[in-house]
Amino acid sequence: MRQDDVKTTVQQQFGRHAESYVTSATHAKGEDLPLLVEWLKPRGDWVVLDVATGGGHVAKTLAPHCRFVVSTDLTAPMLEAAANAHREAGLTNLVYVQADAEQLPFLSESFDAVCCRIAAHHFPDPDAFVREASRVLRPGGMFLLIDNVVPDEPELAEIVNRVEKLRDISHVRCLSVAEWRQLLQKYGLMERKDRLRQKRFLFSEWVARTSSSKEQEEAVERCLLDAPQAMKAYWNLDVRDGRVQSHQIDEWMVLCQKGGK
């Protein structure tokens with residue numbers, strides 16, 4: 001699929017589910033949100049960029065600690081849903097820009113921090129995204145990335161991405177930690193702190209969030225049940241009476257600093 005087609009699919013998928021991402025407990029109440037402030041230690045004069053803001057949870061978390069936050073997303077309905085949630089929370093120091101994460105419409109060295117949370121697996125060109133994030137950061141600025149990652153083993157990684165794509169047509173590819181580190185180093189983003197954690201999902205809620213039919217949900221469940229034993233162990237599948245109850249995936253959170261200061 002061409003990159004433009006991928007991005008159109010992303011817009012259509014997230015446009016349909018915009019409000020659900022604002023209220024999703026997985027996105028709105030993740031234990032990583034308090035860590036954003038703890039790790040970044042934002043200052044009151046900072047200008048922060050939140051790439052692919054989705055439900056606006058990163059922006060909402062950081063706005064009280066910064067001068068202002070620029071929230072971007074490829075999908076206009078997502079920005080509108082995030083803006084509505086921010087207004088209801090009484091936040092006023094945010095602006096919203098519809099933008100492609102791989103072609104950010106900002107001058108170089110414009111931001112004190114750039115964040116992107118649980119979105120990069122939808123980007124067709126992660127290299128371009130990291131390049132752009134580094135470009136718009138000021139020297140010494142902080143880059144914080146959170147995303148689902150795959151195992152280093154190519155066979156297991158391929159199965160994870162196949163299942164994710166079956167569940168969510170806007171999914172492109174989860175990278176491994178090693179692949180992310182290579183990109184970060186390539187663009188002068190020096191790793192300062194990281195954390196790998198396992199996130200467990202109630203399968204019925206996880207699969208329903210992005211599905212368009214019961215047939216699609218059943219196909220995803222069948223992929224999990226028919227997976228090799230090594231894959232089932234990686235997911236730590238909980239299966240009862242032949243039905244998947246829950247599974248887990250890996251999430252990587254990394255804080256980097258741009259060189260030059």
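Trainee: Which residues of α8 are buried?

Mentor: This is a predicted model, and in it burial means a relative accessible area under 20%. By that cut-off the buried residues of α8 are Leu156, Ala157, Ile159, Val160, Asn161, Val163, Glu164 and Arg167.

Trainee: Which elements do the buried residues of α8 pack against?

Mentor: Helix α8 covers residues 154–167, and its buried residues include Leu156 and Val160. The partners against which the buried residues of α8 pack are α10, α11, α12 (229–235) and β8.

Trainee: How far apart are the end C-alpha atoms of helix α8, given its 14 residues?

Mentor: The expected span takes 1.5 Å times one less than the number of residues. For the 14 residues of α8 that rise gives an expected span of 20 Å, and the model agrees with it, because the end C-alpha atoms are apart by 20 Å.

Trainee: Which element gives the most to the lining of the second largest cavity?

Mentor: The structure holds two cavities of 30 Å³ or more, and the second largest has a volume of about 40 Å³. Its lining consists of Val160, Val163, Glu164, Trp206, Leu224, Trp235, His247 and Ile249, with α8 and β8 as the elements that give two or more residues. The element that gives the most, with three residues, is α8.

Trainee: How many nonpolar, polar and charged residues does the lining of the second largest cavity have?

Mentor: The residues that line the second largest cavity include Val160, Glu164 and His247. Sorted by class, with Glu counted as charged and Val as nonpolar, the lining of that cavity has six nonpolar, one polar and one charged residues.

Trainee: Which helix supplies the most residues to the lining of the second largest pocket?

Mentor: The second largest pocket holds about 180 Å³ of space, and its lining is made by Leu202, Phe203, Ser204, Val207, Lys214, Glu217, Glu218, Glu221, Arg243, Val244 and Gln245. At least two of these residues come from each of α10 (203–208), α11 (214–225) and β8, while by class the lining has four nonpolar, two polar and five charged residues. The most, four residues, come from α11.

Trainee: How many of the 11 residues of helix α7 are buried?

Mentor: Helix α7 runs over residues 126–136 and is mostly covered, and what covers its buried residues includes β1 (47–51), β4 (111–117), β5 (137–149), α9 (177–186), β6 (189–202) and β8 (243–258). The buried residues are Pro126, Ala128, Phe129, Val130, Glu132, Ala133, Ser134 and Val136. Of the 11 residues of α7, the number buried is eight.

Trainee: Which residues have the most contacts inside the largest nonpolar core?

Mentor: The largest nonpolar core has 32 residues, and β1, β4, α7, β5, α9 and β8 each supply at least two residues of this core. Apart from it lies another core, of 23 residues, among them Val48, Val58, Leu62 and Leu91. In the largest core, the residues with the most contacts are Leu49, Val51, Val114, Phe123, Phe129, Phe143 and Trp180.

Trainee: Which residues does Phe143 touch, leaving out those up to four places away in sequence?

Mentor: Phe143 is among the residues with the most contacts inside the largest nonpolar core. Without residues up to four places away in sequence, Phe143 touches Val114, Phe129, Ala133, Leu137, Leu184, Leu189, Val254, Leu255 and Cys256.

Trainee: Is Leu144 buried or exposed?

Mentor: Leu144 has its place in strand β5, and, not counting residues up to four places away in sequence, Leu144 touches Leu36, Trp39, Leu40, Val114, Cys115, Cys116, Met253, Val254 and Leu255. Leu144 and Val114, although 30 residues apart in sequence, are 6.4 Å apart in space, C-alpha to C-alpha. Because its relative accessibility is 1%, Leu144 counts as buried.

Trainee: What is the relative accessible area of Val95?

Mentor: Val95 lies in strand β3 (residues 94–98) and touches Val69, Val70 and Ser71, not counting residues up to four places away in sequence. Partly exposed residues fall between the cut-offs of 20% and 50%, and Val95 is partly exposed because its relative accessible area is 38%.

Trainee: What share of the 261 residues in the chain do buried residues make up?

Mentor: The chain has 12 helices and eight strands. Among its contacts between residues at least 6 apart in sequence, 75% join residues at least 24 apart. Of the 261 residues in the chain, buried residues make up 57%.

Terms used. Residues are numbered from 1 along each chain as its sequence is written. This is a predicted model: local features need pLDDT of at least 70, side-chain atom pairs count only at pLDDT 80 or more; totals for chains, interfaces and linings use all residues. Side-chain values use heavy atoms; hydrogens and water are left out. Buried means under 20% relative accessible area, exposed over 50%, partly exposed in between (1.4 Å probe, protein chains only). Contact means heavy atoms within 4.5 Å. On a 1 Å grid over the protein atoms alone, a cavity is a set of points where a 1.4 Å probe fits but cannot get out, and a pocket is an open set with protein on both sides within 12 Å along at least five of seven lines; lining residues have an atom within 4 Å of a point. Grid points are joined across faces, edges and corners, and a volume is the space filled by probe spheres set on the points. A nonpolar core is a set of buried Ala, Val, Leu, Ile, Met, Phe, Trp, Tyr and Cys residues joined through side-chain atoms within 4.5 Å.
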